[in-house]
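Dear colleague,

I am passing on the structure we talked about, so please open it beside this message and keep it in view while you read. My notes on what was found in it follow below.

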Amino acid sequence: YKAVTNDGNSNLQPDWVWTKVRSTTNSHHVADTSRGITKQLTPNNSNAEQTDASIHYSVQSDGFTVGNAGSVNANGATFATWQWKANGGTTASNSSGTITSTVQANTTSGFSIVTWTGSGANATIGHGLGVTPKMIIIKRLNGTNDWIVYHASLENAQYYLSLNGTAGQTQASNVFNSTAPTTSVFSVGTSTATNSGSQTYIAYCFADIQGYSKFANLRGNGNADGPFIYTGFKPAFVMQKEYSQGSTVWFMWDSKRDPINVANHTVEANSAAAEGSTASGATNWIDILSNGYKIRNTGSHLNASGRQYIYMAFAQN
């Protein structure tokens, strides 16, 4: 076991923990305090939830502890973990939707963790944010369905992306019931990926918070002097995906692995590959700037001319 203490000038007891080994090929692992920190999901594949304390073992007042599994604690290997705070593990029943959900929300940072049992019929689910979410990531817990991503920049609420896949936006009216989220609920249809009868689900919901988080889109220019994306803050974390055509990866960058520019240490949310060892090429670089980020390379995965990309970004401070 290994305890990891966060740095910074205040404590962070995480409620969503996402870990990836950097130096070798192995799956991403995510856990949260709503389900229990030992219950694991793997964003790069469609596997059902598993309970495994040898991966994520516990959270502390200013960090977390991983177990002895090689995917999170192999001797001599290097790792990255991204953490979000919700409500300290305290959940509440939410009856804002037609399905009663269990919600752990942090309205200050615009993040909530939502669990529910599917009904098999068109429904709404309370998210607890008090504002309209811009991005929602959903996974069926007891089945092998894809990870489903809603993003406000996709064409409309009939479209979704798969976090564990490379396809562009896919149209399916039964995933979100062709209905955009509101300030209190998001909608689900009859898809087995979001609302099959008696099946269990989790959603990670995110809202724009000025100066802290932003979820929007950009258009590639096909130039090594790529577009500048204004966020209004210096990002600590950026994830980006092309959605207009597809067969492209989910890039993840952060300022901890790259404290100075260029940010050239990439991992991909949809892939178990080691850092930088990807099919998308070795030069998927950005500059992390005081008020956003700037793309520094070309290629279909990152900056093809005319293609559309969505991103999520969180502030360094």
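**Notes on the structure**

If neighbours within four places in sequence are left aside, N11 is in contact with S61 and D62. This residue belongs to the loop that lies between strand 1 (2-5) and strand 2. Is N11 buried or exposed? N11 is exposed, because its relative accessible area is 56%, and the cut-off for calling a residue exposed is over 50%. You may also like to find T24, which is 13 residues away from N11 along the chain, and whose C-alpha atom is separated from that of N11 by 30 Å.

Before going further, please keep in mind that this is a predicted model, and that the values in this message were computed from it.

Turning to the chain in general, it contains 1 helix and 26 strands. For a chain of 317 residues, a compact globule would have a radius of gyration near 20 Å, and the chain has 18 Å, which agrees with that expectation. The C-alpha trace spans about 50 × 45 × 35 Å along its principal axes, and 56% of the 317 residues count as buried. Among contacts between residues at least 6 apart in sequence, 62% join residues that are at least 24 apart. As for the surface, the chain exposes about 11900 Å², of which carbon and sulfur atoms supply 43%. The chain has 18 positive and 16 negative charges, and the mean positions of these two groups are 1 Å apart.

A good place to look in detail is strand 3 (residues 29-32), which has neighbours that can be followed by eye. Strand 2 (residues 16-21) runs antiparallel to strand 3 and is joined to it by 4 bridges, with W18 standing opposite V30. Strand 4 (residues 36-41) is also antiparallel to strand 3, and 2 bridges join these two strands; here D32 stands opposite G36. With 3 residues between them, strand 3 and strand 4 form a hairpin.

Which residues of strand 3 lie on each side, and are they buried or exposed? In a regular strand the side chains alternate between the two faces of the sheet. In strand 3, H29 and A31 are on one side while V30 and D32 are on the other, and all four are buried, so both faces of this strand are covered.

A second hairpin can be found further along the chain, where strand 24 (residues 286-289) and strand 25 (residues 292-295) have 2 residues between them. These strands run antiparallel and are joined by 4 bridges, and the bridge partner of I288 in strand 25 is Y293.

Finally, there is an open sheet of 8 strands with antiparallel pairing, in which the order of the strands is 9-10-11-18-13-14-15-16. Strand 9 (92-94) and strand 16 (170-171) stand at the edges of this sheet, and each has a single partner strand, so one side of each is left without a neighbour in the sheet. Within the sheet, strand 13 (residues 135-140) pairs with strand 14 (residues 148-151) in the antiparallel sense over 4 bridges, and I138 stands opposite I148 of strand 14.

With best wishes

Key
Residues numbered from 1 in each chain as written. Predicted model: local features only at pLDDT ≥ 70, side-chain atom pairs only at ≥ 80, totals over all residues. Heavy atoms only, no water. Rg over C-alpha atoms; globule rule 2.2 N^0.38 Å. Buried < 20%, exposed > 50% of the residue type's maximum accessible area, 1.4 Å probe, protein only. Contact = heavy atoms within 4.5 Å. Areas by Shrake-Rupley, 256 points an atom, 1.4 Å probe, with all protein chains shown as cover. Lys, Arg positive; Asp, Glu negative; His and termini not counted. Charge placed at Lys NZ, Arg CZ, Asp CG, Glu CD. Pairing = 2+ DSSP bridges.
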